Amino acid sequence: MRTINNITYIRATEKDIQTCIDLRIIFLSEYWGEQSKEVLDPFKHHLKKYLEYAIPENKYICWIAKSKNTIAGVGGMTIREQPGSFKNPTG
């Protein structure tokens with residue numbers, strides 16, 4: 001946890017998975033529009049399974065910015081590995 005200009009930055013852990021899910025749905029709903037329950041339910045299930053694996057394995061790193069108890073922002077990064085190529089031999 002780190003505080004700069006009254007904004008506290010918290011690295012998400014397993015206890016923050018529901019917050020990460022909620023924020024991702026808000027973001028995607030603004031980008032793609034509101035979705036039906038038939039779309040949201042399986043999405044929530046798969047996202048929860050992914051985050052339960054990826055956060056503790058450091059495959060997904062997410063920082064949540066808070067001002068007092070209000071979420072002011074969020075940022076996430078997916079860490080992925082891939083095989084090399086002729087242009088990038090180490091991947």
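## Two loop residues with positive phi

At 78% relative accessibility, Lys68 counts as exposed, where exposed means over 50% relative accessible area, buried under 20% and partly exposed in between, with a 1.4 Å probe and protein chains only. This residue is found in the loop between β3 and β4 (70-78), and although Lys68 is not a glycine, its phi is positive, about 60 degrees. Most residues other than glycine have a negative phi.

Asn58, found in the loop between α2 and β3, also has a positive phi, near 60 degrees, in a residue other than glycine. Asn58 is partly exposed, with a relative accessible area of 40%. The helices (H or I, at least four residues) and strands (E, at least two) named here are DSSP runs, numbered from the N terminus.

## How the model is read

This is a predicted model, in which local features need pLDDT of at least 70 and side-chain atom pairs count only at pLDDT 80 or more, while totals for chains, interfaces and linings use all residues. Residues are numbered from 1 along each chain as its sequence is written, and side-chain values use heavy atoms, with hydrogens and water left out.

## The largest nonpolar core

The largest nonpolar core (buried Ala, Val, Leu, Ile, Met, Phe, Trp, Tyr and Cys residues joined through side-chain atoms within 4.5 Å) has 12 residues in all, among them Ala12, Ile25, Leu47 and Ile64. Two or more residues each come from α1 (17-32), α2 (37-54) and β3 (60-67), and the largest share, 4 residues, comes from α1.

Leu51, another member of this core, touches Ile17, Cys20, Ile21, Pro56 and Tyr60, not counting residues up to four places away in sequence; contact here means heavy atoms within 4.5 Å.
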